[in-house]
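Visitor: I'm new to this structure and would like a close look at one part of it. Could you pick a hairpin, start there, and then walk me onward?

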Amino acid sequence: MTGTIIKALSGFYYVYSGNELYECRARGKFRLDGTSPLVGDEVSFNIDTNNKGYIESIHERRNFFIRPAVSNIDALVFIAANTNPVTDPFLIDRVSVIAEEAGCELIICINKTDIDTADELYKIYTSAGFTTLRTSAETGMGINELKNALKGKICAFTGNSGVGKSSILNALVPELNLEVGVVSEKLGRGKHTTRHVELFAIGDNTYIADTPGFASFDIIMMNTIKKQELQYYFREFKKHIGECRFNDCAHLKEPGCAVTESLASGEIMPSRYESYVRLYDLTAQNKPWN
């Protein structure tokens, strides 16, 4: 039989196949070859005469993440807010690079817009060409638009804690009744309420993985990106690559740089360019042998 792992918990894998959910364990061979099934994996499995399930093989993955442990993600959905807690655009930009490297779509969902419409955040990411939606889990505003944007995809939610990831999931699928954290007014951050990764079906062949907060998001993937490659992961840079005076232009302080000229003209948003510079410094520290 074949199916999709929708939850992994305490050594058990819950495989959804043919409108049925099967509790399975992984065969010992996975430990021997250093692989492990992940939520989102398409797998082949068997049910023995004692009605116990065993995963036999993992189908080829399109992509995968270590933290959170998910695979075959079509879209990363970054939940942001411009009110307690305020999302730093650098976090969004770092995830945008991870999404590009993994071949995922990035959807930006600005929540709590009943309190603050986050006009600047909205402008930054619509200008950069990302699907950017404004929602309120409290009032239901924008939830239908978000559901349409996710239709037919396996998605993973991420974002800093307290921005309302679980609240939005509850708004999308009220019967989930997920625990919702309270944001500290003093610290401006929320408490992690998601303790394991699980795919939730919301209809129309759409699945959402609610994941732990951004502190647990997989930034290890940044360690594999070379500084020379980073320019290709900023979509608004792409059309200017090859137009600079120097072929090896890093788009920092070089004369005749088409990217910095576009920044000066207002085509590229300053916060996006600032994130590029910060990430360039980080990727410059990556060593081939790491």
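Guide: Let's start at the turn of the hairpin made by β4 and β5, where 5 residues sit between the strands and N51 takes a positive phi near 65°. Keep in mind as you look that this is a predicted model. The two arms of the hairpin, β4 and strand β5 (residues 53-58), run antiparallel and are joined by 5 bridges. One pairing to look for is I47, which stands opposite G53 in β5.

Now look at what else β4 pairs with. Strand β4 (residues 42-47) is also joined to strand β1 (residues 2-9), by 3 bridges, and these two run antiparallel as well. Here you can find T2 standing opposite S44 in β4. While you're looking at strands, a handy rule: in a regular strand, side chains alternate between the two faces of the sheet.

Carry on past the hairpin and you come to R62, in the loop between β5 and β6 (64-65). The side chain of R62 meets that of D74 in a salt bridge, at 2.8 Å from N to O. D74 lies in the loop between β7 (70-71) and β8 (75-81), so the pair ties together parts that are 12 residues apart in sequence. As for cover, D74 is partly exposed, with a relative accessible area of 28%.

Close by in the numbering, F64 and I66 join I220 in a nonpolar surface patch of about 270 Å². I220 comes from the loop between β13 (207-210) and α6 (258-265). With a relative accessible area of 37%, I220 is partly exposed.

The R62 pair has company, since the structure holds 10 salt bridges. Another of them brings together the side chains of E105 and K153, again at 2.8 Å from N to O. E105 is in strand β9 (residues 105-111) and K153 is in the loop between α4 and β11 (154-158), so this pair ties together parts that are 48 residues apart in sequence. E105 is partly exposed, at 28% relative accessible area.

That brings us to helix α4 (residues 143-150), where I143, L146, A149 and L150 are buried. Seen down the axis of α4, the buried residues fall within an arc of 120°, so they line one face of the helix. N144 and N148, on the other side of α4, are exposed. After the helix comes G152, with a positive phi near 75°.

On the way into α4, in the loop that leads there from β10 (131-134), you'll find S136. S136 is buried, with a relative accessible area of 0%. Leaving aside neighbours within four places in sequence, S136 is in contact with N111, K112, T113, D114, M141 and I143.

One last stop: E236 forms a salt bridge with R272, and their closest N and O atoms are 2.7 Å apart. This pair links distant parts of the chain, with E236 in the loop between β13 and α6, R272 in helix α7 (residues 270-283), and their positions 36 residues apart. E236 counts as buried at 11% relative accessibility, and R272 is buried too, at 0%. Salt bridges that share partners join D93, E236 and R272 into one network.

How values were computed
Residues are numbered from 1 along each chain as its sequence is written. This is a predicted model: local features need pLDDT of at least 70, side-chain atom pairs count only at pLDDT 80 or more; totals for chains, interfaces and linings use all residues. Side-chain values use heavy atoms; hydrogens and water are left out. Patches are made of residues with over 30% relative accessible area and no salt bridge: like charges are joined within 9 Å, nonpolar side chains (Val, Leu, Ile, Met, Phe, Trp, Tyr) within 5 Å. Accessible areas come from the Shrake-Rupley method with a 1.4 Å probe; for residues, only the protein chains shown count as cover. A salt bridge is a side-chain nitrogen of Lys or Arg within 4 Å of a carboxyl oxygen of Asp or Glu. Helices (H or I, at least four residues) and strands (E, at least two) are DSSP runs, numbered from the N terminus. Buried means under 20% relative accessible area, exposed over 50%, partly exposed in between (1.4 Å probe, protein chains only). Two strands pair if DSSP finds at least two bridges between them. The arc is that of the directions from the helix axis to the C-beta atoms. Contact means heavy atoms within 4.5 Å.
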